[in-house]
Amino acid sequence: MPKSLSYFTGLFSMLLSNRASVLAPDLIRTYLRSMLSKRDVLLESVRRFSTPQYFFDEPALAASLSRFQEVFSKHLGRFRIFYAVKSNSFRGLCKHVSDAGHGLDVSSGVELSMALSLGCGHILFSGPAKTDAELSLAIQNRDKVTLLMDSAGEMERVAGLIQDSDLGDVPLKVGFRLRGQHHGIWGKFGIPPERFPTLFTRALTINGLDPQGIQFHTSWNMGPEAQVKMIERVGACVKALPESSQRRLKFLDVGGGYWPERGEWLNPQNTISGKLLQILDPDFEFKPSHYYHPARPLEVFAREISAALRSQGTPLSQLEIFMEPGRWISTPAMHVLIKVVDKKEATVAIADGGINLLGWERPLFEFTPLLNLTRPSLREFPVRVFGNLCTPLDIWGTSLFGEGVENGDILLVPDQGSYTYSLRQSFIKPIARVVRYDGNSLSEAQPEQVF
């Protein structure tokens, strides 16, 4: 690489470094200490149930669920959680949420069937392009299900299906998803806000429908700014309704997309500057540093969303508020435990579990600190930890926290509860078992896939 080009790539790195903050070592160490506090029970789980395994951390789930409820309830008079099943569809996790009195947000007939089988009495059914069979299942269980309609066409299909159903005295509760200010692929969701008054008025004329609410969803929220802007747009739409129609509104669903408070942790190659460097020089060697996008505390979300609702006056300020947290609730609820089975050299180790357990090449995009539970330490050293799949993309990380690494060592991949278990794949290797820890005892909640 010419020296002049190297100079300019370094300059690019400095100019763009402010787009992602350096992840302070103290933040990493504090996080790792919290994980090491679980070391004894994690090693006991490995001793009893082997590796690889998903470790379902039920106390962590209970704590995150309780905190989300507590924080928002301080600011909102009427508030209900509908956990987003898609973020982690493990049956035991969803049962805990339902048994705690919360609702479930489902996006398919498969998820709806599971929610019903758990005895959940409060279910939101959202998502685009629902099939007639899925819609019929919602209609059949209308005492438990609120249908969030995604388009005018879906509403007309629902109207047709209702005419062929014996509803008795129980109408189908429905809401409308409003499209945010997204472009590109996000345009697949919801209806344009300006069309809401017309569609809501039409829904009021359909026998068997009970139009009750509005939903919107903004994603990857590091702060509440996107939700606040959408509340303002929703407020304008509602004001366009006649007062008689406004009185029919009962809920506003603010959706999910809340990022865990520790923020988004990144490898250097996944910052903006890192991506530019890779374009300029695909062989550029990055230093072992870590970055992150900070997230605002949950209290800030609750305070500013509540203030935005009050600023809109009635009816928004008086509606029951639904929320669909997924990632925030499920992230700390599941960890992955793997074992080193082949140390090929000082800088290469291969574990007995691959990233098919995650369902995607997550470690290539996000920084997850790998912790050696057998030789624990807060010291980080370079080593490429691969999985056991027959593909070079199967890598858990390029560094490890511990006092070295040897065959037989147990490694912790912490906080893998969101968008991993639901995406797991039977690719080359079997899907691992799930071990449940309820705070007192360990038990196998789901067996390993057999072949």
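How do the residues of the lining of the largest cavity divide into nonpolar, polar and charged? In this predicted model, that lining divides into 5 nonpolar, 5 polar and 6 charged residues. The briefing below begins with the two sheets, a closed barrel of 8 strands and an open sheet of 3 strands. It then turns to a pair of packed helices, α4 and α13, and returns at the end to the cavities.

**The closed barrel**

- Eight strands form a closed barrel, which runs β3-β4-β5-β6-β7-β8-β9-β12.
- The pairing in this barrel is parallel.
- On average, and with direction ignored, neighbouring strands of the barrel are turned by 30° against each other.
- One of the pairings joins strand β5, residues 123-125, to strand β6, residues 145-149, through 3 bridges.
- Within this parallel pair, I123 has V145 in β6 as its bridge partner.

**The open sheet**

- The open sheet consists of 3 strands in the order β1-β11-β10, and its pairing is antiparallel.
- Strands β1 (21-22) and β10 (264-266) stand at the edges with a single partner strand each, so one side of each has no neighbour in the sheet.
- Strand β1 is joined by 2 bridges to strand β11, residues 291-293, and the two run antiparallel.
- The bridge partner of S21 in β11 is Y292.

**The packing of helices α4 and α13**

- Two packed helices are described by the angle between their axes and by the distance between those axes.
- For helix α4 (residues 58-73) and helix α13 (residues 298-311), the angle is about 35° and the axes are 9 Å apart.
- The crossing in which α4 passes α13 is right-handed.
- On the α4 side, R67, F68, V71 and F72 take part in the contact, and they meet L298, E299, F301, A302 and I305 of α13.
- Sorted by class, this contact of α4 with α13 has 7 nonpolar residues, 2 charged residues and no polar ones.

**The cavities**

- The structure contains 2 cavities of 30 Å³ or more.
- The largest cavity holds about 170 Å³ of space.
- Its lining is made up of 16 residues.
- Of the residues that line the largest cavity, W259, R262, G263, R362 and E366 lie nearest its centre.
- As stated in the opening, the classes in this lining are 5 nonpolar, 5 polar and 6 charged.

Note on methods
Residues are numbered from 1 along each chain as its sequence is written. This is a predicted model: local features need pLDDT of at least 70, side-chain atom pairs count only at pLDDT 80 or more; totals for chains, interfaces and linings use all residues. Side-chain values use heavy atoms; hydrogens and water are left out. Two strands pair if DSSP finds at least two bridges between them. Helices (H or I, at least four residues) and strands (E, at least two) are DSSP runs, numbered from the N terminus. On a 1 Å grid over the protein atoms alone, a cavity is a set of points where a 1.4 Å probe fits but cannot get out, and a pocket is an open set with protein on both sides within 12 Å along at least five of seven lines; lining residues have an atom within 4 Å of a point. Grid points are joined across faces, edges and corners, and a volume is the space filled by probe spheres set on the points. Ala, Val, Leu, Ile, Met, Phe, Trp, Tyr, Cys and Pro count as nonpolar, Asp, Glu, Lys and Arg as charged, and the others, Gly among them, as polar. Axes are lines fitted to C-alpha atoms, for helices over the stretch in contact, and angles run from 0 to 180 degrees between N-to-C directions. A crossing is left-handed if the near helix is turned anticlockwise from the far one by less than a right angle, and right-handed if clockwise. Contact means heavy atoms within 4.5 Å.
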